[in-house]
Amino acid sequence: MHRDQRPEAPTDPADRDAPAKKDGSLPPEQPPGPRAAEPAAVDPALSGPTGRQRLLAGLWPPRVTRAQLTVALLLFVLGLGLAIQVRSTSDNSALRGARQEDLVRILDELDSRTERLEDEKRTLEGQRAELESSSDQAEEARRQTQQKEQQLGILAGTVAAQGPGIELTIEDAAGAVEPDMLLDAIQELRAAGAEAIQVNGVRVVADTYFTGAAGNVEVDGKTISAPYRFKVIGKPQDLEPALNIPGGVVQTLEKEQATATMERSEKIVVDALRPAKQPDYARSSAQ
């Protein structure tokens, strides 16, 4: 063995696989590095709550403050007010969809009723003043009682009446006037302030009814025939326009080829009477 021969250094297996440089030399040896540490397993119980769990924990149980209660109460009151407003608006939808003629008629009826109520109020106030100022209050009370009895008798149809008003005559040559058309005329006259009415000798009162068919009309079970003559006591300036309003009684009759004529008079006599009917069960509550 020659002295200049040195033993070969052990080579790393990884160096054998390393590619040689172009000049034929081997790459320098790399010091062995530490191995990468494997990730440790994480215990789910120790990782803390998830995002969903934190959100649920923040929302439940609810924490209500006084300010939140106040806001909720205000919102409830506001919603209730809106609901009431919507309901009242829907209740008035019938008037909004009404025709102009119907609105004019309703307005006229309201004006007439207001005027009648004002007159009644003034009358009652005058009666009270007379009672308070009269030296013989018992006699004044008796007089007013008799006057009230006369008024109730006129309304009940048991007492004849006279006063200013109109005479309405409906000609029906074609026999097309239905009972409900005559009833509409009665309703319009009452709404305009009629105090006493009779039709062809039949007194019209609160429970009067119309039956039958066109050309064969019955009032309270009594047959009447054309021409239909109405005697009406009331204020002529209110009664006549109530029948002549657009779309009212007169125009409806004209569509059926019937004619309606009215004549004002300062003295209309309503002398058809109804028998006084005693109630079967009702009794006076005065002691």
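## Helix H8 and its buried face

A residue is called buried when its relative accessible area is under 20%. In this predicted model, helix H8 has Pro236, Leu239, Ala242 and Leu243 as buried residues. Viewed along the axis of H8, the buried residues are confined to an arc of 140°, so they line one face of the helix. An α-helix has 3.6 residues a turn, so residues three or four places apart point the same way.

The cover over the buried residues of H8 includes strand E1, helix H7, strand E7, helix H9 and strand E8, the last spanning 259-270.

## Overall make-up

The protein contains 9 helices and 8 strands. Of its 287 residues, 21% are buried. The exposed area is about 21,900 Å², and carbon and sulfur atoms supply 55% of that area. Among contacts with a separation of 6 or more, 74% join residues 24 or more positions apart.

## Nonpolar cores

The largest nonpolar core consists of 29 residues, and Leu182, Leu189, Ile197 and Phe230 have the most contacts inside it. At least two residues of this core come from each of E1 (161-171), H7 (179-191), E2 (196-199), E3 (202-204), E5 (216-219), E7 (228-233), H8 (236-244) and H9 (249-255). H7 gives the largest share, 5 residues.

With neighbours within four places in sequence left aside, Leu182 is in contact with Ile170, Val177, Phe210, Val217, Ile224, Tyr228 and Phe230. Another core, of 5 residues, lies apart from the largest one; Ala161, Ile233, Ile268 and Val270 are among its members.

## Thr169 in strand E1

Strand E1 also holds Thr169. Is this residue buried or exposed? Thr169 has a relative accessible area of 14% and is therefore buried, the limit being under 20%. When residues up to four places away in sequence are not counted, Thr169 touches Pro227, Tyr228, Arg229, Thr259, Ala260 and Thr261.

## A nonpolar patch on the surface

In soluble globular proteins, nonpolar side chains tend to be buried together. Some nonpolar residues of this model instead form a surface patch: Leu73, Phe76, Val77, Leu80 and Ile84 make a nonpolar patch of about 520 Å².

Val77, one of the patch residues, lies in helix H3, which covers residues 66-91. The relative accessible area of Val77 is 49%, so this residue counts as partly exposed; the exposed class begins over 50%.

Conventions
Residues are numbered from 1 along each chain as its sequence is written. This is a predicted model: local features need pLDDT of at least 70, side-chain atom pairs count only at pLDDT 80 or more; totals for chains, interfaces and linings use all residues. Side-chain values use heavy atoms; hydrogens and water are left out. Patches are made of residues with over 30% relative accessible area and no salt bridge: like charges are joined within 9 Å, nonpolar side chains (Val, Leu, Ile, Met, Phe, Trp, Tyr) within 5 Å. Accessible areas come from the Shrake-Rupley method with a 1.4 Å probe; for residues, only the protein chains shown count as cover. A salt bridge is a side-chain nitrogen of Lys or Arg within 4 Å of a carboxyl oxygen of Asp or Glu. Helices (H or I, at least four residues) and strands (E, at least two) are DSSP runs, numbered from the N terminus. Buried means under 20% relative accessible area, exposed over 50%, partly exposed in between (1.4 Å probe, protein chains only). A nonpolar core is a set of buried Ala, Val, Leu, Ile, Met, Phe, Trp, Tyr and Cys residues joined through side-chain atoms within 4.5 Å. Contact means heavy atoms within 4.5 Å. The arc is that of the directions from the helix axis to the C-beta atoms.
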